[in-house]
Every structure is written in structure tokens, then in C-alpha cells.
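Student: I've got a model loaded and some labels on it puzzle me. Can we go through what earns each one?

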Amino acid sequence: MSHRSIGSPRPAVSAVTEMSELIELLEVVWERGRDTASAAPVSSAQARVLFLVEANDQLNLRELGRLLEAAPPSVTRLCDRLQAVGFLERHPGADDRREVLLRLTPAGRTYLERLRDRRQEVLAEAMAAMPEASRAALATGLADFCAAVSKPLRLPSPNSFTTRTA
């Protein structure tokens with residue numbers, strides 16, 4: 001990655017360019033970690049499902065489709081594959097038995113833990129080569145970035161819904 005001055009006239013554009021390059025590199029790291037995390041690696045789309053189900057307890061198929069911006073048949077196929085490898089369970093809803101709730105299995109949680117561990121190992125090796133001040137600045141910036149990005153990937157809590165009357 002090239003070094004750009006943070007005080008440049010267009011720091012946001014510079015940051016977007018740097019982030020784009022970072023994402024491309026992280027995709028390579030992601031694949032390395034995914035391939036070594038388990039004997040049954042999942043596709044990137046399936047991994048997104050696992051992360052979203054983990055982040056949103058009691059997620060149903062409709063909500064998952066909304067978060068993925070995917071058609072119901074695609075969401076169903078993704079879940080079918082994850083259930084077949086033992087990473088995902090489907091349960092009927094308590095209030096409406098037609099509703100299908102999704103939960104990670106212990107094997108699914110273990111897969112995500114191993115995936116995260118492997119990715120963190122690779123990232124730690126790369127970050128060890130950075131100056132300490134750069135690592136600290138990166139950690140602060142990434143924490144803020146993650147907070148901004150993760151908000152739309154979580155459903156509102158049931159307590160945040162208000163009842164409206166006609």
C-alpha cells in the first residue's frame with residue numbers, strides 16, 4: 001500500500017483507497033484461514049450466513065434474507081448446505097410454527113472460532129512488522145470503522161420496536 005498524508009486535501013478519499021486495498025488483501029487472508037480452519041470449509045457466502053446468525057440470536061430465514069439482500073431460494077440453499085455439514089440448526093418459532101429460526105450448532109461455533117484464530121494468527125504476523133505507533137493508530141481506526149459498519153448488520157433488538165395503533 002502506498003503512504004498518503006493524513007492531512008491531504010482529500011483524506012476521506014485516501015482512506016477509502018487504502019481501505020479498498022486492505023479489503024483485497026484481507027480476502028486473500030480470509031481464504032487462507034477458511035481453508036485451514038476445518039476439514040469442511042464453507043464458501044464465503046456460507047461464512048457470511050454463519051457470522052450473521054451468530055450476531056443475531058433468534059434470526060429467521062426472512063430476516064437473514066433481508067440482511068444478505070438475497071432471494072429466499074438462495075438463502076434456503078445456503079442454510080441447507082450449512083445444515084448438511086452440521087454448522088446450522090433450524091427450529092420452528094415458538095409463536096408461529098411456520099417461522100424457521102436459525103441457530104449455530106456447537107460445530108458451527110467451533111468452526112467460527114478456528115476461522116477467527118487462524119485469521120488472527122496471519123494478521124498478527126503481518127502487524128508485527130509494523131511500527132508500534134502505526135499499530136495503535138490502526139487499532140483505534142479499525143474499532144471506529146467496525147462500529148460504523150456492523151450496525152446495519154444487526155437487527156434491532158425486540159425492545160426497540162414500538163407498537164403503533166391506527
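Tutor: Sure. A strand here is a DSSP run of E with at least two residues, and strands are numbered from the N terminus. Keep in mind that this is a predicted model.

Student: Okay, what makes histidine 91 part of a strand?

Tutor: Histidine 91 lies in the run covering residues 88-92, which is strand β2.

Student: Why is histidine 91 called partly exposed?

Tutor: Its relative accessibility is 26%. Buried means under 20% and exposed means over 50%, with partly exposed in between, so histidine 91 gets the middle label.

Student: How do you know that histidine 91 and the side chain of glutamate 89 make a polar contact?

Tutor: The side chains of histidine 91 and glutamate 89 are paired at 3.0 Å, and the cut-off for N or O atoms is 3.5 Å. Further along the sequence, histidine 91 also touches Glu99, Val100, Leu101 and Arg103. The C-alpha atoms of histidine 91 and arginine 103 sit 7.9 Å apart, with the two residues twelve apart in sequence.

Student: Now the helices. Why are α2 and α3 called oblique?

Tutor: The axes of α2 (residues 44-55) and α3 (residues 61-68) cross at roughly 120° and come within 11 Å. Roughly perpendicular covers 65 to 115 degrees and roughly antiparallel starts over 145, so the pair counts as oblique. The crossing is right-handed.

Student: What meets what there?

Tutor: Arg48, Val49 and Leu52 of α2 meet Leu64, Leu67 and Leu68 of α3. That contact splits into five nonpolar residues, one charged and no polar.

Methods: Residues are numbered from 1 along each chain as its sequence is written. This is a predicted model: local features need pLDDT of at least 70, side-chain atom pairs count only at pLDDT 80 or more; totals for chains, interfaces and linings use all residues. Side-chain values use heavy atoms; hydrogens and water are left out. Helices (H or I, at least four residues) and strands (E, at least two) are DSSP runs, numbered from the N terminus. Buried means under 20% relative accessible area, exposed over 50%, partly exposed in between (1.4 Å probe, protein chains only). Contact means heavy atoms within 4.5 Å. A polar contact is a pair of N or O atoms within 3.5 Å; within protein, one must be able to donate a hydrogen and the other to accept it, and residues adjacent in sequence count only if both atoms are side-chain atoms. Axes are lines fitted to C-alpha atoms, for helices over the stretch in contact, and angles run from 0 to 180 degrees between N-to-C directions. Angles under 35 degrees count as roughly parallel, over 145 as roughly antiparallel, 65 to 115 as roughly perpendicular and the rest as oblique. A crossing is left-handed if the near helix is turned anticlockwise from the far one by less than a right angle, and right-handed if clockwise. Ala, Val, Leu, Ile, Met, Phe, Trp, Tyr, Cys and Pro count as nonpolar, Asp, Glu, Lys and Arg as charged, and the others, Gly among them, as polar. Lists of a residue's contacts leave out its neighbours within four places in sequence.
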